[in-house]
Amino acid sequence: MFTGASRGADGFEEFARAGQHRLYRTAYLLCGDADAARDLTQTTLAKLFQHWHRVRAADHPDAYARTVLTRTYIAERRRRLRDLLAHTPIAAPAPAVGPELTVTLLAALAELPPRARAMVVLRYWEDLSVETVAELLRCSPSTVKSQCSRSLATLRARLGDAHLYTARG
């Protein structure tokens, strides 16, 4: 956790070293791909460096960084989706996965829309409150509750009996 004791570029370096692993872990859960997570983490750190005076002045720099990471992920996914839709003819939806296939949690997460995936990861992996997630994603708490509920139902349906094993550790 960053204390904010150092100032200037040295303060940023300390912050980046202390929080890089945590940002990468969240980025990986959002992206589901190691390379994309590294890119997202680096983009986030570049944005944080660019506005370091604001980050340093924030009450909770780690929360500020998580907000930048999440919003960057959603913006990039929207941009990619927009580009994909502009250049790809619309195809028929893929058939539902049969019960004979086992779907991992990351694969199921990857099928959720970016905003819903971000809500699930922030709410249940990062263990943030509904209000905090709503503030991060600039929506109402009721939107977070309903999207998380729908997303969890989708994950349960896609995972089938496999979800029983994800709760054990």
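Which residues form one aromatic cluster? The cluster consists of Phe 12, Phe 15, Phe 49 and Trp 52, and it makes a convenient destination for this tour of what is a predicted model.

**The whole chain**

Before selecting individual residues, display the chain as a cartoon and follow it from the N terminus, where the elements run α-α-α-α-α-α-α-α-α; there are nine helices and zero strands to step through. If you then colour the 169 residues by accessibility, 36% of them count as buried, while the accessible surface of the chain comes to about 10500 Å², with 55% of that area belonging to carbon and sulfur atoms. With contacts switched on, and taking those between residues at least 6 apart in sequence, you will find that 66% join residues at least 24 apart.

**The aromatic cluster**

Select Phe 12 in helix 1 (residues 8-31) together with Trp 52 in helix 3 (residues 52-57). The count of aromatic pairs comes to four, and in this one the ring centres are 5.4 Å apart with the planes at 80°, so the pair is edge-to-face, an angle over 60 degrees being what that term requires. Because one partner lies in helix 1 and the other in helix 3, the pair ties together parts that are 40 residues apart in sequence. Phe 12 counts as buried at 10% relative accessibility, and Trp 52 counts as buried at 6%.

Keep Trp 52 selected and add Phe 15, whose ring centre is again 5.4 Å from that of Trp 52, but with the planes at 45°, so this pair is tilted. Phe 15 lies in helix 1 and Trp 52 in helix 3, so here the parts tied together are 37 residues apart in sequence. Both Phe 15 and Trp 52 are buried. Adding Phe 49 to the selection then completes the cluster of Phe 12, Phe 15, Phe 49 and Trp 52.

**Along helix 4**

Move next to helix 4, which spans residues 61-87, and select Thr 70 within it. Is Thr 70 buried or exposed? With a relative accessible area of 0%, Thr 70 is buried. Show its surroundings, leaving aside neighbours within four places in sequence, and the residues in contact with Thr 70 are Leu 30, Ala 118, Leu 122 and Leu 137.

Ala 63 also has its place in helix 4, but there the relative accessible area is 28%, so Ala 63 is partly exposed. A distance drawn from the C-alpha atom of Ala 63 to that of Thr 132 reads 9.6 Å, although the two residues are 69 apart along the chain.

**Helix 7 and its end**

Now select helix 7, residues 130-137, and within it the buried residues Val 130, Val 133, Ala 134, Leu 136 and Leu 137. Looking down the helix axis, you can see why they belong together: they cover an arc of only 165°, which puts them on the same side of helix 7. An α-helix has 3.6 residues a turn, so residues three or four places apart point the same way. Leu 137, one of these buried residues, is also among the contacts of Thr 70 visited earlier. Step on to Arg 138, just after helix 7, where the backbone takes a positive phi of about 55°.

**A charge over a ring**

For the last stop, select Arg 123 and Tyr 124 and turn the view towards the ring: Arg 123 lies over the face of Tyr 124, at 5.5 Å from the ring centre.

Conventions:
Residues numbered from 1 in each chain as written. Predicted model: local features only at pLDDT ≥ 70, side-chain atom pairs only at ≥ 80, totals over all residues. Heavy atoms only, no water. Helix = DSSP H or I, 4+ residues; strand = E, 2+ residues; numbered from the N terminus. Buried < 20%, exposed > 50% of the residue type's maximum accessible area, 1.4 Å probe, protein only. Contact = heavy atoms within 4.5 Å. Areas by Shrake-Rupley, 256 points an atom, 1.4 Å probe, with all protein chains shown as cover. Arc of directions from axis to C-beta. Phe/Tyr/Trp six-rings, centres within 6.5 Å; stacked < 30°, edge-to-face > 60°. Lys NZ or Arg CZ within 6 Å of the ring centre and 35° of its normal.
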